[in-house]
Amino acid sequence: MSADGKSISMQSVNLAYQEDGRQFVWNNTQEIAIVSLRFEQATTEFKDVDKQFIQFDIRVDDVQSDVVELRAMCGEQVCLTKISLMTQLTQLKNKGWQTVAIKLGCSAAQTKMNEVTEILSINAQHPLNLAIANVALVKATQSNSLIIGCNDL
């Protein structure tokens, strides 16, 4: 549940094992709400990030929001990747679990980053209902991944 008790709800869901994924439902109608995966403490260990991807499994159950933005590998002021996911989420709606890989290091932001505090965040408005699992930083993507590259950003 979100801090305000109503904007976003979360529950455990099954992908390959019992409760190995998390489902998020955006309930807010007025403002954008954010789901994020963060480090407990900021890290500076992110070498060769321009050769890597954030890869995760996703299941999209409902997407009608006008705004869905994904941010990956963020510091206090800048993110290595910041994209609108509307097109991709619409394509993935009701297709079950799919693997997505997002290319990192496509912008000049990489040279401005001293540390990473946030691995992945999804900003959206109601209605949006999706589940994610297996978030990983990888050098090689799975062969069945939907790859969002620098030219797609």
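**Pocket and disulfide, term by term**

β9 gives the most to the lining of the largest pocket, namely four residues. Strands here are DSSP runs (E, at least two residues), numbered from the N terminus. This is a predicted model, where local features need pLDDT of at least 70 and side-chain atom pairs count only at pLDDT 80 or more, while totals for chains, interfaces and linings use all residues. Residues are numbered from 1 along each chain, and side-chain values use heavy atoms, leaving out hydrogens and water.

Me: What makes a residue part of the pocket lining?
Reply: A pocket is an open set of 1 Å grid points where a 1.4 Å probe fits, with protein on both sides within 12 Å along at least five of seven lines, and a lining residue has an atom within 4 Å of a point. Of the 14 lining residues of the largest pocket, the closest to its centre include Arg22, Phe24 and Ile132.

Me: Why are Cys74 and Cys79 called a disulfide?
Reply: The rule wants two cysteine sulfur atoms within 2.5 Å. Cys74 and Cys79 sit at S to S 2.0 Å, so they're joined by a disulfide.

Me: Why is the disulfide right- or left-handed?
Reply: The torsion about the S-S bond of Cys74 and Cys79 is about 105°, so the disulfide is right-handed.

Me: How do you know that β5 and β6 pair?
Reply: Pairing takes at least two DSSP bridges between strands. Five bridges join β5 (residues 68-74) to β6 (residues 79-84), so the two pair, running antiparallel. A hairpin of four residues links β5 to β6.
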